[in-house]
Amino acid sequence: MTLTLILPWFPILLGVGVGGRLLGRTRGLCLGILSALFWVVLVQTSAGPAIWREPWTVATIVAGAVAIAAMGRWSGETPIDKPSSTTSAEPPTDVNMIIRSDECPAPLGQLAVAMDQFDDWLEEHRDHNNPWPKFDELVRSVMYQCCQATHVKPYRVRNEGEELVPLSETDPLVDVKPLPARRGIVGHVVTTGRSYLAGDMTHGELVEELAEESQDTTAWCFAVRQGTSQLGAVVVGQLGVAPDRNKPLLRATERLISQFWCTLCETIRSRRAVQDDPVSGLLIRPAFLHRAEESLRESYREGEPAAVAVIALEGLRELSDSGRWEVVDEVVRETSNVLRRKVRMDDRLGRFDDSRFLLLLRRVDSELASLIVAQLMSRLTGVCNDRERWRETVDVRCGLAGSGTERPDLRTLVCRALAQYRRARLENAPIAGDLGSASVASGATV
């Protein structure tokens, strides 16, 4: 009788222990009860109904069944899939905060939406002459979507890191004072590269005092870097999320904006490497014709006249033939600097070939364009005729053509300006236009 009871009891008990460890406490208990019933039925089948007439045997069967059920519950107390401190390393605190926070799924989705939004934005604005004002709008929109940030002011570094100027275009008639890049809480962030978050005691008391001295309320400020170079800073006046419970989200937003910023900078550099002349820094001919064509169409849509000027430097070939290529580059560079400083933002300027420049003037007729070009020519003549500097005379000549009452395309205007330039050479005049030849007034300034 003892073998009939004990012999099947041991393997059933061991099986329940293993199964309970795999299933957990509740399911392990159920497995133990079922296995205990199975053991009772197995014993009765083997020994017959006579076992229930002996009190000692009945007590043994009940105790064995209870032991099997208890084994199932006890072994389920430590399930095998529960992480152990010795076998599984705890993930970083920031990752835990992101995974466990109830507020994170929506912001994380907004970060993904912001990435798609930037891809579409870059595709649309990558060829714009000045994409930064539109990028300013994108930064404000993304930061509001991701963390309800308002009163956002993105700045870029200028003048070798001494000033911060807004990304958005300002009214040229309004004098906007640049923000110092080395003073105040913003200067601290730009200089050190460490972000500032209001109320975060890890900054220290001195940093908090520095923030309180600022005239504007700063809830959050972070720097934008590319390697060791400081590109700018973003200042946030108000935050719509709790900073202490959303630090990982804010950090992710910082990195996202920085990546957007750096990507735009690299896109502009790549575009300039393809479209800009390496010596003058002006647009090469294909890029100029593309942008000038767009500007000319815009002028015609608004009912504005336009004019094209071809400015030529005569005498550069003699300098090149004598092996003075550095001097040629310096003359071209000086000329382009003068033109760049004196033309308006809406005008378009490019290098046509080795010795000629193209200038598209918007919102001017031929009469007004001739006055503007005469002033430019006066300044260029003073630079190029400096024989002591160049040890050679470099003459400046210009051909000018206006749109008049017609609406000629850009190629037609350029061809007309080139024809006027040839006429100026034949007549030995500094300027020739569709209204006749003109002389350069000495001492005229722009």
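**Close-up views of a predicted model**

**View 1. Histidine 151 is exposed in this predicted model.** Its relative accessible area is 54%, so it passes the cut-off for exposed, over 50%. Histidine 151 belongs to strand S1. Its phi is near 55°, a positive value in a residue other than glycine.

**View 2. Glutamine 148 sits in the loop between H6 and S1.** Glutamine 148 is not a glycine, yet its phi is positive, at about 50°. Is its side partly exposed or buried? Glutamine 148 counts as partly exposed, at 31% relative accessibility.**View 3. Threonine 150 lies in strand S1.** Its relative accessibility is 24%, so threonine 150 counts as partly exposed. Leucine 239 is 89 residues away along the chain, but the C-alpha atoms of threonine 150 and leucine 239 are separated by 6.5 Å. Beyond its neighbours within four places in sequence, threonine 150 is in contact with Tyr144, Val236, Gly237 and Gln238. Val236, Gly237 and Gln238 fall within strand S6 (229-239).

**View 4. Serine 168 occupies the loop between S2 and strand S3 (179-180).** Serine 168 counts as partly exposed, with 25% relative accessibility. From C-alpha to C-alpha, serine 168 and tyrosine 155 are 8.7 Å apart. In sequence, 13 residues separate the two. With residues up to four places away in sequence left out, serine 168 touches Pro133 and Asp136.

**View 5. The largest pocket has a volume of about 2000 Å³.** Its lining consists of 50 residues. Asn129, Asn130, Pro131, Arg272 and Met345 lie nearest the centre. Several elements give two or more residues to this lining. The helices are H6 (132-147), H9 (247-275), H10 (285-301) and H12. The strands are S1 (149-158), S2 (163-166), S6 (229-239) and S8. H9 gives the largest share, seven residues. By residue type, the lining divides into 21 charged, 19 nonpolar and ten polar residues.

**View 6. Helix H12 runs from residue 325 to residue 342.** How far apart are the end C-alpha atoms of helix H12? They are 26 Å apart. That agrees with the expected span, because 18 residues at 1.5 Å a residue should cover 26 Å. Val327, Val328, Val331 and Val332 are among the buried residues of H12. Thr335, Ser336, Val338 and Leu339 are buried too. The buried residues of H12 pack against three strands and three helices, listed here by name. The strands are S7 (306-314), S8 (348-351) and S9 (356-362). The helices are H11 (316-321), H13 (366-384) and H14 (387-390).

**View 7. Aspartate 347 lies in the loop between H12 and S8.** Is aspartate 347 buried or exposed? Aspartate 347 counts as buried, because its relative accessibility is 6% and the cut-off for buried is under 20%. Its side chain makes a polar contact with the side chain of arginine 344, at 2.9 Å. The side chain of aspartate 347 also reaches the backbone nitrogen of arginine 362, at 3.1 Å. Setting aside neighbours within four places in sequence, aspartate 347 is in contact with Leu359, Leu360, Leu361 and Arg362. These four contact residues fall within the range of S9 (356-362).

**View 8. Arginine 397 is placed in strand S10 (residues 395-402).** Arginine 397 is buried, with a relative accessible area of 10%. Which backbone oxygen lies 3.0 Å from a polar atom of the arginine 397 side chain? The backbone oxygen is that of alanine 429. Neighbours within four places in sequence aside, arginine 397 has contacts with Val310, Ile311, Ala312 and Glu314, among others. Those four fall within the range of S7 (306-314). Met377 is another contact of arginine 397. Further contacts of arginine 397 are Tyr421, Ala424, Arg425, Asn428, Ala429 and Pro430.

**View 9. The protein chain as a whole has 15 helices and twelve strands.** The chain has 446 residues, of which 41% count as buried. Among contacts with a separation of 6 or more, 65% join residues 24 or more positions apart.

Key
Residues are numbered from 1 along each chain as its sequence is written. This is a predicted model: local features need pLDDT of at least 70, side-chain atom pairs count only at pLDDT 80 or more; totals for chains, interfaces and linings use all residues. Side-chain values use heavy atoms; hydrogens and water are left out. Helices (H or I, at least four residues) and strands (E, at least two) are DSSP runs, numbered from the N terminus. The expected span of a helix is 1.5 Å times one less than its number of residues. Buried means under 20% relative accessible area, exposed over 50%, partly exposed in between (1.4 Å probe, protein chains only). Contact means heavy atoms within 4.5 Å. A polar contact is a pair of N or O atoms within 3.5 Å; within protein, one must be able to donate a hydrogen and the other to accept it, and residues adjacent in sequence count only if both atoms are side-chain atoms. On a 1 Å grid over the protein atoms alone, a cavity is a set of points where a 1.4 Å probe fits but cannot get out, and a pocket is an open set with protein on both sides within 12 Å along at least five of seven lines; lining residues have an atom within 4 Å of a point. Grid points are joined across faces, edges and corners, and a volume is the space filled by probe spheres set on the points. Ala, Val, Leu, Ile, Met, Phe, Trp, Tyr, Cys and Pro count as nonpolar, Asp, Glu, Lys and Arg as charged, and the others, Gly among them, as polar.
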